[in-house]
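Let's take a walk through a protein together. Have the sequence and the 3D view open as you read.

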Amino acid sequence: MSKKRKKHYTKATTPGDIVIVILMVILALLCILPVLNVLANALSSPEAIMRREVTIFPVELQTQAFASIIGDSRFMFSLGWTALITVIVVILNLVMTVLAAYPLTYNSLKGRKIISFYMIFTMLFGAGLIPTFMLFRDLGLLNNPLVLILPGMLGVFNMILMRNFFLGIPESLKESAEIDGAGPMTILWKIYIPLSLPSFATIGLFVAVGRWNGFQDALFFLTAAPDWHPIQMLLYNITQNATQVDVASPGGVSVQQWGAAIRNAAIVVAMVPILCVYPFIQKYFVKGATLGAVKG
């Protein structure tokens, strides 16, 4: 019995493919080069930074700036506090997103279209900063660390993404479970959630990056509670010279001269945790983002 040979077809490279590759390389460099410049400044001596000799490679290598940042108790507490609230917000957001999206997949739900309309309406029209400030004041959230957690418990965009993902799951699975006597919560727990891990990873990444990079809520609503500032707010104060980091000054170099290196080191340290998370969920990201757009 003769073995059939498999024919392999290769697509010829077109000028359009070359243009796309060039554009992607340029975009990648635009993203990578600033990070390399910040890292190089953090590892360069203050004198080299003042002479503007640093580009993407360190000049007169030193690690004093990183040692100062890691040894600063305020900075490390803020880093740990931000990691904690990020985990809490991601968990709460996923739970609330599922509980909001799942009922909207049932055509038998009364008022389904009205509920969807009011939720989508909030995406298009916001109350603004002053009404939000007054609302948080009346709720007792001003200068309260809960202001960093509670408002991020549900995002309408995430809810729509999750609902569309649920609608992409075959209806026959739910119908067969209902025939076997399973209720709505059992169907959610046994069928929908196990099949929705890519969507969870996608939404979790969106929420985690948003919370980790968020600082405006602390800027507006934690004015009298600096101890609860997240890392980005502390980083903002450091870059604006509103917060000083203690640093030993070897070789007679003044603390002021160390400012640029310390600011860049703080930026690098603040980036590392969220960058470490992405590789673990990257394989789910594209699948979750595309499957959520199958149905509207």
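**A walk through the model**

Start with a pair of charged residues: E53 is partly exposed, because its relative accessibility is 38%, between the 20% and 50% cut-offs. Keep in mind that you're looking at a predicted model. E53 has a partner, R51, and the two make a salt bridge in which the closest N and O atoms are 2.7 Å apart. R51 also counts as partly exposed, at 43% relative accessibility. The story doesn't end with two residues, though: salt bridges with shared partners link R51, E53 and E60 into one network.

Now zoom out. The chain has 13 helices and zero strands, so if you go looking for strands, you can stop, because the count of them is zero. Of its 296 residues, 37% are buried. The chain exposes about 18200 Å², and carbon and sulfur atoms supply 68% of that area. What about parts of the chain that sit far apart in sequence? Among contacts with a separation of 6 or more, 70% are between residues 24 or more positions apart.

Back to salt bridges for a moment. How many turn up in the whole structure? A search finds five. One of them joins D138 and R137, with 3.5 Å from N to O. D138 is exposed, at 61% relative accessible area, while R137 is partly exposed, at 46%.

Another salt bridge brings together E171 and K174, whose closest N and O atoms are 3.4 Å apart. Both residues belong to helix α8 (residues 171–179), and they sit three residues apart, which is about one turn of the helix. Why does that spacing suit a pair? An α-helix has 3.6 residues a turn, so residues three or four places apart point the same way. Are these two partners buried or exposed, or something in between? E171 is partly exposed, with 41% relative accessibility. K174 is buried, because its relative accessible area is 4%, under the 20% cut-off.

K174 has something else going on: it lies over the face of Y106, at 4.0 Å from the ring centre. That brings us to the aromatic rings. Y106 is part of one aromatic cluster along with Y102, F166 and Y192. In the whole structure, a search finds 14 aromatic pairs.

Let's visit two of those pairs. F77 and W228 form a tilted one, 6.5 Å centre to centre with 55° between the planes. This pair links distant parts of the chain: F77 is in helix α4 (residues 73–101), W228 is in the loop between α11 (216–221) and α12 (231–239), and the two are 151 residues apart. F77 is partly exposed at 45% relative accessibility, and W228 is partly exposed too, at 33%.

The other pair is Y102 with F166. Their ring centres are 6.2 Å apart and their planes meet at 90°, so the pair counts as edge-to-face. Y102 is in the loop between α4 and α5 (112–124), and F166 is in helix α7 (residues 156–167), so this pair ties together parts that are 64 residues apart in sequence. Where F77 and W228 are partly exposed, Y102 is buried at 4% relative accessibility and F166 is buried at 1%.

Next, find the loop between α6 (129–138) and α7, where you'll meet L141. L141 is buried, because its relative accessibility is 8%, under the 20% cut-off. Which residues does L141 touch? Leaving out residues up to four places away in sequence, and going by the contacts found, its list includes L146, V147, L150 and F221. F221 is 80 residues away from L141 in sequence, yet their C-alpha atoms are 7.8 Å apart in space.

For a helix that is mostly covered, go to α12: seven of its nine residues are buried. Among them are I231, M233, L234, L235 and I238, and you'll also find Q232 and N237 on the buried list.

Last stop, the cysteines. How many disulfides are there? The count comes to zero. Two cysteines to look at are C31, which is exposed at 56% relative accessible area, and C276, which is partly exposed at 43%.

Definitions and conventions. Residues numbered from 1 in each chain as written. Predicted model: local features only at pLDDT ≥ 70, side-chain atom pairs only at ≥ 80, totals over all residues. Heavy atoms only, no water. Helix = DSSP H or I, 4+ residues; strand = E, 2+ residues; numbered from the N terminus. Buried < 20%, exposed > 50% of the residue type's maximum accessible area, 1.4 Å probe, protein only. Contact = heavy atoms within 4.5 Å. Areas by Shrake-Rupley, 256 points an atom, 1.4 Å probe, with all protein chains shown as cover. Phe/Tyr/Trp six-rings, centres within 6.5 Å; stacked < 30°, edge-to-face > 60°. Lys NZ or Arg CZ within 6 Å of the ring centre and 35° of its normal. Disulfide = S-S within 2.5 Å. Salt bridge = Lys/Arg side-chain N within 4 Å of Asp/Glu carboxyl O.
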